[in-house]
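Q: Pick one helix in this model and walk me through it slowly. I'd like to hear what its side chains are doing, and then how that part ties in with what lies around it.

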Amino acid sequence: MARTITFIAASLLTLSSPTVAPAQDDPSATATATTEGAQEPIEEVVVRGRRTLFALRREMQDARENVWEVFSAINSDDDFDIACTSTPRTGSRYKNRTCQPRYADNATRRAGQELARRMSVCAPGDSTCLEAAMQMATGEAQAHLAIIPYMDKRLDDEFHRLAVEQPELATAILEYLAKEHEYDEAIRSREGSRASSRNAQPQGAPRTDP
């Protein structure tokens, strides 16, 4: 599910239950908890002691996936369960990290199975049969995938409800937001340091006074 849950911040504003109030002392930022993330190479700049930007990013990703784990454990429909997987990136030692709900995985798998079934009846090299099979499979695949937007809306509603009602999920969200805030602050600090270094006048520069 390659999209952004943008309503987490709004959900946090409604968390007025005394059972979750202490967690709101954690630093927070506007939420952009994505369900798809790639492990990009991050410059190993040390921030806040020995922690690097890569480590901070990893902590943020782990906190985000903890949100999905908590949500998967308490939601009302197994089709809403969110699983994260890593796949090798072509020509790179880094991996893509993707998180999707079960209903999206099922719809994609069924669409692929239908294409394979249609093509399997064609003789090798029969381009006419293969083309017809792909056209028919495309229409059937669209029917399988059409359910995803509907299920996305249901998942959004379920997530919003549980974020308000369940302290465990609210706490996980706040912990993620705190990690995201820490990472963003580290990025801004690094950019500020670079800007200061560029603007600083070199020591020993010749004077230009008349």
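A: Let's take helix α3, and start with Glu 114 and Arg 118: they sit four residues apart in this helix, so about one helical turn separates them. Keep in mind that this is a predicted model.

That spacing goes with a contact, since the side chains of Glu 114 and Arg 118 meet in a salt bridge, at 3.4 Å from N to O. Arg 117 joins in as well: Glu 114, Arg 117 and Arg 118 are linked in a network of salt bridges. The acidic member is not out on the surface, either. Glu 114 has a relative accessibility of 15%, and because the cut-off for buried is under 20%, Glu 114 counts as buried.

Now go to the start of the helix, which spans residues 102-120. Arg 102 forms a salt bridge with Asp 81, with the closest N and O atoms 3.7 Å apart. This one links distant parts of the chain: Asp 81 is in the loop between α2 and β6, Arg 102 is in α3, and the two positions lie 21 residues apart in numbering terms. The partners also sit in different surroundings: Asp 81 is buried at 15% relative accessible area, while Arg 102 is partly exposed at 37%. In total, the structure holds 11 salt bridges.

For a pair elsewhere, look at helix α6. Arg 188 and Glu 185 are three residues apart there, about one turn of the helix, and their side chains meet in a salt bridge at 2.4 Å, N to O. Here both partners are partly exposed, Arg 188 with a relative accessible area of 46% and Glu 185 with 30%. Glu 114 back in α3, by contrast, is buried.

What comes just before α3 in the chain? That's strand β7, residues 95-101. β7 pairs with β6 in the antiparallel sense over seven bridges, and the two strands form a hairpin with six residues between them. Gly 91 sits in that turn and has a positive phi of about 75°. Across the pairing, Cys 84 stands opposite Cys 99 in β7.

Then there's the nonpolar side of the story. The largest nonpolar core has 29 residues, and Tyr 103 is among those with the most contacts inside it, along with Val 67, Trp 68, Phe 71, Phe 159, Leu 169 and Ile 173. Helix α3 is one of the elements supplying at least two residues of this core, as are α2, β6, α5 and α6. That fits a broad trend: in soluble globular proteins, nonpolar side chains tend to be buried together.

Within that core, the aromatics deserve a look. The whole structure has three aromatic pairs. One of them is Phe 71 with Phe 159, a tilted pair at 5.3 Å centre to centre with 50° between the planes. Because Phe 71 is in α2 and Phe 159 in α5, the pair ties together parts that are 88 residues apart in sequence. Both rings are buried, with Phe 71 at 0% relative accessibility and Phe 159 at 0% too. Add Trp 68 and you have one aromatic cluster of Trp 68, Phe 71 and Phe 159.

So, back to your helix: α3 carries the salt-bridge network around Glu 114, reaches the loop before β6 through Arg 102 and Asp 81, and contributes to the largest nonpolar core.

Methods
Residues are numbered from 1 along each chain as its sequence is written. This is a predicted model: local features need pLDDT of at least 70, side-chain atom pairs count only at pLDDT 80 or more; totals for chains, interfaces and linings use all residues. Side-chain values use heavy atoms; hydrogens and water are left out. A nonpolar core is a set of buried Ala, Val, Leu, Ile, Met, Phe, Trp, Tyr and Cys residues joined through side-chain atoms within 4.5 Å. Buried means under 20% relative accessible area, exposed over 50%, partly exposed in between (1.4 Å probe, protein chains only). Two strands pair if DSSP finds at least two bridges between them. A salt bridge is a side-chain nitrogen of Lys or Arg within 4 Å of a carboxyl oxygen of Asp or Glu. Rings of Phe, Tyr and Trp (its six-membered ring) pair if their centres lie within 6.5 Å; planes under 30 degrees apart count as stacked, over 60 as edge-to-face and the rest as tilted.
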